[in-house]
Amino acid sequence: MLAQFLISLSLHKMELHSFSLQGQLSILQEKIDHLERLLAENNEIISNIRDSVINLSESVKDGQKNPEAINFSQGSVSELFPSASVLPAVDSEDCLFASKSGSHGSDVQMLDVYDILPFDNPDGGVWKQGFDITYNENEWNSEPLQVFVVPHSHNDPGWLKTFDDYFRDQTQHILNNMVIKLQEDNRRKFMWSEISYFSKWWDGIDSQKKDAVKRLIKDGQFEIVTGGWVMPDEASSHYFALIDQLIEGHQWLEKNLGVKPKSGWAIDPFGHSPTMAYLLKRAGFSNMLIQRVHYSIKKHFATQKTLEFFWRQNWDLGSSTDILCHMMPFYSYDVPHTCGPDPKICCQFDFKRLPGGRVSCPWRVPPEAIHAGNVQHRAWMILDQYRKKSKLFRTKVLLAPLGDDFRYAESSEWDQQYQNYQKLFDYMNSRPEWHVKAQFGTLSDYFEALRKESNVNEKSSNSFFPVLSGDFFTYADRDHHYWSGYFTSRPFYKRLDRVLESYLRAAEILYSMALVQSSKSEKMSVFPSVDNYKLLTEARRNLGLFQHHDAITGTSKDWVVVDYEKVFQIHICSSVLLYLLLYNPMDQERLSVVSVNVNSPRVKLLSPLGKPVAVQISAVWDGATTVSHEAYQISFVAHLPPLGLGVYQLLEVQSSEAVLADYNIYLRNSRQEKPDRLFKIKEMQNSVDNIILENSYMKLWFSGMSGLLEKINTKEDGKNHQMKVEFAWYGTTSNRDKSGAYLFLPDGDAKPYIFTDPPTIRVAHGRIFSEVVCFFHHVTHTMRLYKVQGLEGQSLEVSNIVDIRGEYNRELAMRISSDINSQNRFYTDLNGYQIQPRLTMSKLPLQANIYPMTTMAYIQDVGVRLTLHSAQSLGVASLKNGQLEVILDRRLMQDDNRGLGQGVQDNKITANIFRFLLERRHGTEKAPVSFPSLLSHMTSSFLNHPVIPMSTYADSGVPEMLNTFSPLVSSMPCDMHIVNLRTIQSKVNIEPSDEATLILHRKGFDCRFSNRDIGLLCSSTQGKIKVHKLFNKFRVESLTPASLSLMHSPPDTRNISEINMSSMEINTFRIRLR
């Protein structure tokens, strides 16, 4: 069941797992251990915080004489269901944003670029994927060419080796040598981006070295670029985690070095998202650089000279999101592909490849050391490359990166590169008739010169560079080699990542509140704030490490894997009172179905106000048809305050009023077994008759043979909609190049998933939910319909437990075929932050039409929208009219020649969780932008932030419990989301300060949907929130705006009393609570 899968954890007496790493474990054993620990730590944190919250009881009860009168929402008094008259007050002004959006001007819209490009792949000569570049020698007479050679070293925090092995063998030597070698000559420059490595190194060096580093930074010889914990993947990562790893890096830099990065450097993520551009802009960055973009787009941009552009968000009505972006023009970020168009020549200027070394040039012409006898010829050779490359850009300022993976580890390599290049520069610069000035530089040196040359100052987005909107997925580096495989690779970890994010966010918010409370109350002075803060910091860093572009992507060496499923099972000793603490991590009041396992069917459940709660008891099954009587699942509707706790009491009673679910099991040959002692179970033969489930919103028809969904009737308008669910297999090509961890190279269209015998189908009917479970050989597929009013009853919960461990070069997809006239258009989200319209194109191979989905994808026509909500990142496509399909898992027996050196064969049994939401809409749109409805946003939040259950016994010595803890005065507005409330580290040690970061996101939403009472327990307020009306138990002492990652404060920073945000904005505030 879903509830167990969500790694719902018993936080009662949680044991920490400690793992000793013996010797050389294969790569991600280490990260797995990190994640294992993170899981355990997050539990320990929540557990500690839970205890603290319990201890709050006394101090709060003092001020509250009548605890029965807790009414945490001013809107709804009814315990279980709010009265149907609570209509969400959505302000009509709040609807304007989605209708206006997307009408502004970008010079380059990526959807249009895709439309006009032929995506052919002619041989371009020495620049294989480009064209011959020519120039006229006197082009630089009036204005010389300025060349910035930018040395760098790309350090993956885990890929072919573990983080620690890389650090020990390479990274520490790179940084140690950097300190020595940059000091030898002040013209030398170097830059670094991954703070996960830098901080580990920093912790191990002496103060003398630290002072030298600070001096090098101050003198502009050494620059930190981006400065996140890692260089994150941009397809699978959620914006919560992207922001979190950025804050972790920037806070570390501020505390230890006092530096504020201003340029972004992303040379290795496999495709690029505008969400990252937005986050960098909000963090105060002026410039960014990207590299892995489809070769056809690079070529097109080179011909148009649009490789440098202002990247603007699709939804931006003005130009406030513009950030200057440089796209590298050639195949790779290595030296052969960065000095100019001819790799055979550029390779001769990678002086690590001098004869006698470990690396050589594949073009079979080695570099020569520079001396008086060859300097003129060699300088002219490389100047020719620089000039050709500069012809692809609009200015006479040129960037020439000089580096590769884990470069500059040996002292000799520093000498080879820096000494030989300095000779080339000195010679070039001494020839005035060559009209060139060449030097080492950092990324910001380049951007400063570029802005000066093009007169682009910070204030005006000068029209010198074009404005671009859209994204850069799906990436292909050559031929038909599209990197759409990694959108799904290792889905177990993509799911786990999302669970950890939800736990970490819950722990952050509860910790911040418990910390404030502990300073107010005697009883709370025992709160272990420093120990918990250390755990929280480690959890942040582990989650940050996992956002790395070889981790969440599933493109690292095999993980020696520990299984995470810990079943949340509660033992009730007879008549002993057990407290069930439920935490709601959402910012809105919530009615949510919660399921937990207990060891007796004779239970009674009391609400926080002591009233009996309606309960459904379901069987826990061993396999498809056998009931286990070791455990029972109870399900009930919990009513919880926003970001708050509700305490339910569970008792064992002689006669329970709980209602049992009953079951129909369809088998190929039904066996008359003896009846179950508790549940009503009817066995029958698979039949051609439909299986039907319904609630007050919809009626569903399933095939009696396969158990799969066939159609939906929406009761609001009485319409039937075809909605066929099926599974399909993709194979891989018979060519030499086959699918692997990165690439998807299918052998044609998917083949239907064929089963010779009909599957066993188990249908449950209950008062809280009904469900159909189909047991196929490779997947257990469940469709559950909640019979509750409000949000959870309006969409269908879908889970697939996938097991393809016995397969060979196959990928399993789930496909939904509807009668929606989608016309080759579909929509996917980027990082859970924004929606990007997509066009399925017949001129592209199948694998190019697969896009990343982080939290949702939808298709629509004038009357309906069907959204697939997802609890994990996966690859999606809409290959035919009315279809949506999602790749669930892939098992591949070979490497795809991108450096990993292995296939994907460590598949685990993986649960993928989704919700299908069918909405009536009116209006058409062909705009380059689209938005979910409010109902859709809320459904996504329910899926990604499930209620977190915890338990404790009444006799475990805890003081009397609070029955609810409601930190907010009321629900946040429907379109406002608290991304995080994250306690800031103190200036000195790893301990908390008295300040926290409050990060808010105002979501953009589309109002053109049916206006039925969708049961939202919130309203919209035009993005305004009165600060003193935010918290219930706490006083806001100060609230001041800051940049996204706290690096900058606006010049006129002062305490604000009202928060005012535009749609789509993410804002960060420093907050002090008392």
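Cys347 and Cys361 are both buried in this predicted model. The two residues are joined by a disulfide with an S to S distance of 2.0 Å. The angle about the S-S bond is -100°, which makes the link of Cys347 and Cys361 left-handed. Both cysteines lie in the loop between α11 (343-346) and α12 (375-390), so the bond ties together parts that are 14 residues apart in sequence.

A search of the whole structure returned four disulfides. When the bonded cysteines of the chain are numbered in sequence order, the pairing reads 1-7, 2-3, 4-5, 6-8.

Another of these bonds connects Cys95 to Cys1007, with an S to S distance of 2.0 Å. Cys95 is found in the loop between α2 (29-62) and α3 (96-100), whereas Cys1007 belongs to the loop between β43 (992-1002) and β44 (1024-1026); the pair therefore ties together parts that are 912 residues apart in sequence. The link of Cys95 and Cys1007 is left-handed, with -85° about the S-S bond. Cys95 is partly exposed, at a relative accessible area of 22%, and Cys1007 is likewise partly exposed, at 23%. Both values lie above the 20% under which a residue counts as buried.

A disulfide is also formed between Cys974 and Cys1018, where the S to S distance is 2.1 Å. For Cys974 and Cys1018 the angle about the S-S bond is 105°, and the link is right-handed. Cys974 occupies the loop between β41 (964-965) and β42 (976-985), and Cys1018 the loop between β43 and β44; the pair links distant parts of the chain, 44 residues apart. Cys974 and Cys1018 are both buried.

Burial was also computed for two further cysteines. Cys325 has a relative accessible area of 1% and is buried. Cys774 counts as buried as well, with a relative accessibility of 0%.

Among the helices, α15 comprises 30 residues (residues 491-520). At 1.5 Å a residue, a span of 44 Å is expected for α15, and this agrees with the 44 Å that separates its end C-alpha atoms. Helix α15 is mostly covered, since 28 of its 30 residues are buried.

The packing of α5 and α6 was examined next. Two packed helices are described by the angle between their axes and the distance between the axes. Helix α5 (residues 163-183) packs against helix α6 (residues 195-203) at an angle of about 70°, and the axes are 10 Å apart. Because an angle from 65 to 115 degrees counts as roughly perpendicular, α5 and α6 are assigned to that class. On the α5 side, the contact involves Phe163, Asp164, Tyr166, Phe167, Thr171, Gln172, Leu175, Asn176, Met178 and Val179. On the α6 side, the contact is made by Ser196, Tyr197, Phe198, Lys200 and Trp201.

A polar contact was identified at Ser822, a residue in the loop between β31 (810-818) and β32 (825-830). A polar atom of the Ser822 side chain lies 2.8 Å from the backbone nitrogen of Gly882. Ser822 is buried, with a relative accessible area of 4%. Residues up to four places away in sequence aside, Ser822 touches Ile859, Gln860, Ser878, Lys880, Asn881 and Gly882. Gly882 thus appears both among the residues touched by Ser822 and as the partner in the polar contact of its side chain.

Conventions:
Residues are numbered from 1 along each chain as its sequence is written. This is a predicted model: local features need pLDDT of at least 70, side-chain atom pairs count only at pLDDT 80 or more; totals for chains, interfaces and linings use all residues. Side-chain values use heavy atoms; hydrogens and water are left out. A disulfide is a pair of cysteine sulfur atoms within 2.5 Å. Helices (H or I, at least four residues) and strands (E, at least two) are DSSP runs, numbered from the N terminus. Buried means under 20% relative accessible area, exposed over 50%, partly exposed in between (1.4 Å probe, protein chains only). The expected span of a helix is 1.5 Å times one less than its number of residues. A polar contact is a pair of N or O atoms within 3.5 Å; within protein, one must be able to donate a hydrogen and the other to accept it, and residues adjacent in sequence count only if both atoms are side-chain atoms. Contact means heavy atoms within 4.5 Å. Axes are lines fitted to C-alpha atoms, for helices over the stretch in contact, and angles run from 0 to 180 degrees between N-to-C directions. Angles under 35 degrees count as roughly parallel, over 145 as roughly antiparallel, 65 to 115 as roughly perpendicular and the rest as oblique.
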